[in-house]
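Please open the structure in your viewer and keep the selection tool at hand. The tour below goes from one selection to the next and says what is found at each stop.

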Amino acid sequence: MKKLYIDFDGVILDSIKTTYDMMDEQGIDKYNPKEARAFYRVLDWNQALKDSHEINHSLDCIRQLIDSGQYEINILTHIVCYEEGVAKINYLHERIPELSVILVPKEFSKTEVVNAKDAILVDDYTENLKEWKEHGGFGIKFDEHARVHEFPVITSLNDIRNIY
Ligand SMILES: [Mg+2]
């Protein structure tokens, strides 16, 4: 079985967009790290995830990837606070109870928390993919708009099977 790590924000849910929209509405400067951190600390993360949209049937795709028996799947997601991690685990386990979830504190890179060697990472953030490759892993860029990229690009998690 191939080791497959799947990012959460921007791949499974459009959760970044949700929180950015909320900050805009509240007049918070989302590009100011201090303001953003203060916002995230008091955010109702369960509600924010509930208000976000699933991207291209991501959960159905993950279900099918599990059922294919070809992959050992972990969700690998950065978190800015404890409550965000709790909300993400709850969200995923309500929908796919057997799914493994690995939380990465924002201070660390994903390659510092798991061994990337020979493993696949699907992520929408190019810096994560570059680091992953540097550590011997295979990166797949998730991009809803399918733009040409230095890494293979997919718009649906189902497309992983066409690449690895
Ligand atoms: Mg992401």
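**Two domains**

The C-alpha centres of domain 1 and domain 2 lie 22 Å apart, and this distance, like every value in the tour, is computed from a predicted model. To see the division, colour residues 2-14 together with 53-163 as domain 1, and residues 15-51 as domain 2. If you then display the contacts between the two, you should find 13 residues of domain 1 touching nine residues of domain 2.

**The largest pocket**

Next, turn to the largest pocket, whose volume is about 870 Å³. Its lining consists of 31 residues, and a good way to centre the view is to select I16, Y20, Y40, V80 and K106, which are the closest to the pocket centre. Where does this pocket lie with respect to domain 1 and domain 2? Because domain 1 and domain 2 both give residues to the lining, the pocket lies between them.

With the pocket still in view, show the secondary structure around it. Helix 1, helix 2 (33-42), strand 2 (71-79) and helix 5 (82-95) each supply at least two residues of the lining, and helix 1 provides the largest share, with five residues. If you colour the lining by residue class, twelve residues appear as nonpolar, five as polar and 14 as charged.

**The magnesium ion**

Now select the magnesium ion, which is coordinated by OD of D7, O of D9 and OD of D124, at 2.1 to 2.2 Å. Along the chain these donors follow the spacing D-x1-D-x114-D. The pair D9 and D124 links distant parts of the chain, since the two are 115 residues apart, with D9 in the loop between strand 1 (2-6) and helix 1 (15-25) and D124 in the loop between strand 4 (120-123) and helix 7 (126-134).

Are these two residues, D9 and D124, buried or exposed? D9 has a relative accessible area of 12% and is therefore buried, whereas D124, at 28% relative accessibility, counts as partly exposed.

**The second largest pocket**

Keep D124 selected, as this residue also belongs to the lining of the second largest pocket, together with G10, D14, I55, K141, F142, D143, E144, H145 and R147. The space in this pocket is about 160 Å³, and by class its lining has two nonpolar, two polar and six charged residues.

**H149 and N128**

From K141, move on to H149, which is in contact with K141 and T126 when neighbours within four places in sequence are left aside. H149 sits in the loop between strand 5 (138-142) and strand 6 (153-154), and its relative accessible area of 25% is why it is classed as partly exposed. For a sense of scale, draw a line between the C-alpha atoms of H149 and K88, which are 29 Å apart in space and 61 residues apart in sequence.

The last stop is N128, a residue of helix 7. Which residues is N128 in contact with, leaving aside its neighbours within four places in sequence? Select H78, K110, L121 and D123, which are the contacts of N128 on that basis. N128 has a relative accessible area of 11%, so it is buried.

Terms used. Residues are numbered from 1 along each chain as its sequence is written. This is a predicted model: local features need pLDDT of at least 70, side-chain atom pairs count only at pLDDT 80 or more; totals for chains, interfaces and linings use all residues. Side-chain values use heavy atoms; hydrogens and water are left out. Donors are N, O and S atoms within 2.8 Å of the metal (3.2 Å for Na, K and Ca); water is not among the atoms, so sites may look incomplete. Helices (H or I, at least four residues) and strands (E, at least two) are DSSP runs, numbered from the N terminus. Buried means under 20% relative accessible area, exposed over 50%, partly exposed in between (1.4 Å probe, protein chains only). On a 1 Å grid over the protein atoms alone, a cavity is a set of points where a 1.4 Å probe fits but cannot get out, and a pocket is an open set with protein on both sides within 12 Å along at least five of seven lines; lining residues have an atom within 4 Å of a point. Grid points are joined across faces, edges and corners, and a volume is the space filled by probe spheres set on the points. Ala, Val, Leu, Ile, Met, Phe, Trp, Tyr, Cys and Pro count as nonpolar, Asp, Glu, Lys and Arg as charged, and the others, Gly among them, as polar. Domain bounds come from an automatic or database domain assignment. Contact means heavy atoms within 4.5 Å.
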